[in-house]
Amino acid sequence: MSCVADDRRPALLIRSGLVVGEFALATASMVGVFTTIVVASMLTGWAYHLAAYDQPGSLTWFAAVGVLAALLFTLPFVHRDEYRFEAYTPLSRRLRSIFTSWNYAFLGLALLGFLTKTTGEFSRGWLLIFYTVGLVAIIAVELAILRLHRSVRTSGVLAGRRLMVVGSEPLIREFFAEAERRGGIDSLGHVAVLSTVVLPVALSGTAPERGAPTDPGLAEALECATKAARQVSADSILLLTPLDDRRLVEAAVQSFSRLPVTVHMSLGSLLAGIDGRQLSRLGDLPVLTLTERPLSPLQAVYKRLFDLVVATTALLLLAPLLAGIAALIKLDSKGPVFFRQRRSGYNLSEFRIWKFRTMSVLEDGDAFVQVRPGDARVTRVGKFLRRWNLDELPQLFNVLAGEMSIVGPRPHAVAHDREFEKRIAAYPRRLNVRPGITGWAQVNGLRGMTDTEEKMSRRVEHDLYYVDNWSLMLDVYIVLLTAASPRAFRNAC
């Protein structure tokens with residue numbers, strides 16, 4: 001019994017004496033983006049001041065602003081190791097990350113200018129032009145970097161992994177189908193040579209009859225795989241086999257131990273769809289981590305500090321507005337200024353939310369009825385407050401109390417939570433972080449009634465995207481959209 005070897009990608013020849021490493025290419029990518037931002041700052045500053053004031057202005061100042069913007073933009077990418085080729089795919093996610101980081105960088109510039117009292121030194125017109133030109137230039141350079149990465153890989157200049165995949169034909173087909181779903185061969189990482197060795201089905205544990213084959217047949221097949229690995233000078237071997245086929249795994253490890261290679265084992269369909277899996281340790285015990293908590297302790301501290309700063313600042317600045325709204329509510333209808341209702345919070349713990357009263361009733365039971373368009377229970381002032389999200393402002397006190405966050409999935413009435421957690425399996429996971437005054441679902445127009453499972457499912461989908469992709473930059477982006485985007489005010493009732 002023998003195996004069948006197949007070259008999925010021919011060996012890439014080194015066409016010059018220079019071999020570029022992954023780290024060097026990532027560093028060059030970062031330097032290219034950094035330089036682009038500085039140059040964009042200097043050129044736009046020089047051109048704008050020459051056109052508006054008949055003088056070029058201070059190139060030193062423009063360069064300083066450019067360096068600060070470049071640092072604020074590139075450091076998060078460096079921290080997340082996102083100048084590797086794999087981080088550029090899918091392209092849509094990369095473009096969203098660029099846009100978010102560029103907005104975050106300008107918010108940081110505004111904060112630094114405010115703290116140093118230098119905002120008056122720069123023209124708002126120039127900063128607007130720098131923002132636009134800089135964003136376009138960054139996208140253009142990032143696209144050029146992506147093409148450079150691909151060109152370097154196909155030219156053979158980049159030293160890459162020589163990977164051999166070993167398994168039965170069905171498992172190999174399944175593996176490459178999954179790779180294509182995740183972005184093609186490049187999703188396997190930095191691969192320069194890719195070959196496969198097809199084992200007989202009976203040896204891979206995938207045959208209907210799971211009887212143990214003879215040891216000579218297994219030894220012959222693995223000897224074939226070992227010879228094939230030497231022929232392609234493989235430095236990594238990926239073994240595709242069911243986890244319970246211990247006999248094959250042990251034999252493969254023993255056979256491949258004669259080679260100077262790294263042996264990986266795919267977990268196959270057992271963990272398909274679980275993207276957070278990784279090997280780790282629980283004390284001295286090696287374990288497979290299937291998911292991570294949404295926020296690490298350090299990230300939780302960052303988010304809490306952000307909440308405290310924003311909530312405190314907002315309450316100080318909006319105090320006159322809050323007092324005016326309270327007076328209007330008292331003049332418009334009988335009843336208290338504030339409405340408090342039980343809501344589900346972090347990890348489904350209950351708390352009482354603060355809101356400006358917008359209705360003539362104060363419902364907080366299991367029979368609570370959602371507000372509908374044209375609902376007669378909504379007061380005149382309440383209609384205006386709900387239209388512009390002003391009724392949510394008292395929740396800043398919930399933020400200070402640690403019951404809510406500035407940004408997070410919106411908390412629903414406890415009665416609604418009990419209803420939908422029975423119908424949508426992933427529903428409770430949306431509150432694995434603190435609920436927010438605003439959220440990713442709300443800035444995407446998913447406000448108002450959730451009277452159908454489809455509407456709630458769409459909201460949950462957006463909430464889970466936020467939970468799984470949280471960052472301070474995303475929080476800042478959502479806050480800006482809440483204030484400026486028309487979608488954030490859509491479907492209010």
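**Close-up views of a predicted model**

**View 1. Pairing of strands β4 and β5.** Strand β4 and strand β5 (residues 262–266) run parallel and are joined by 5 bridges. The model shown here and in the views that follow is predicted. Within this pair of strands, Leu239 is placed opposite Met265 of β5.

**View 2. The two faces of strand β4.** Strand β4 spans residues 236–240 and is mostly covered, with 5 of its 5 residues buried. In a regular strand, side chains point alternately to one face of the sheet and to the other. In β4, Ser236, Leu238 and Leu240 lie on one side, whereas Ile237 and Leu239 lie on the other. Both faces are covered, and the residues named on each side are all buried. Leu239, which stands opposite Met265 in the pairing with β5, thus appears among the buried residues of β4.

**View 3. Surroundings of Arg94 in helix α3.** Arg94 belongs to helix α3, which comprises residues 91–116. The relative accessible area of Arg94 is 3%, and because the limit for a buried residue is under 20%, Arg94 counts as buried. Leaving aside residues up to four places away in sequence, Arg94 touches Phe77, Glu82, Tyr83, Ala87, Tyr88 and Glu142.

**View 4. A nonpolar patch on the surface.** Seven side chains are labelled in this view: Leu298, Val301, Tyr302, Leu305, Leu308, Phe397 and Leu400 form a nonpolar patch with about 610 Å² of accessible area together. Two or more residues of the patch come from each of the elements α9 (297–332) and α11 (395–400). Helix α9 makes the greatest contribution to the patch, with 5 residues.

**View 5. Val301 within the patch.** Val301 is located in helix α9 and is one of the residues that form the nonpolar patch. Its relative accessible area is 44%; Val301 is therefore partly exposed, since this value falls between the 20% limit for buried residues and the 50% limit for exposed ones.

**View 6. The whole protein, for orientation.** The secondary structure comprises 15 helices and 11 strands. The protein has 493 residues, of which 44% count as buried. Among contacts with a separation of 6 or more, 75% are between residues 24 or more positions apart. About 25,800 Å² of the protein is exposed, and carbon and sulfur atoms supply 62% of this area.

Definitions and conventions: Residues numbered from 1 in each chain as written. Predicted model: local features only at pLDDT ≥ 70, side-chain atom pairs only at ≥ 80, totals over all residues. Heavy atoms only, no water. Patch = residues over 30% accessible without salt bridge, like charges linked within 9 Å, V, L, I, M, F, W, Y side chains within 5 Å. Areas by Shrake-Rupley, 256 points an atom, 1.4 Å probe, with all protein chains shown as cover. Salt bridge = Lys/Arg side-chain N within 4 Å of Asp/Glu carboxyl O. Helix = DSSP H or I, 4+ residues; strand = E, 2+ residues; numbered from the N terminus. Buried < 20%, exposed > 50% of the residue type's maximum accessible area, 1.4 Å probe, protein only. Contact = heavy atoms within 4.5 Å. Pairing = 2+ DSSP bridges.
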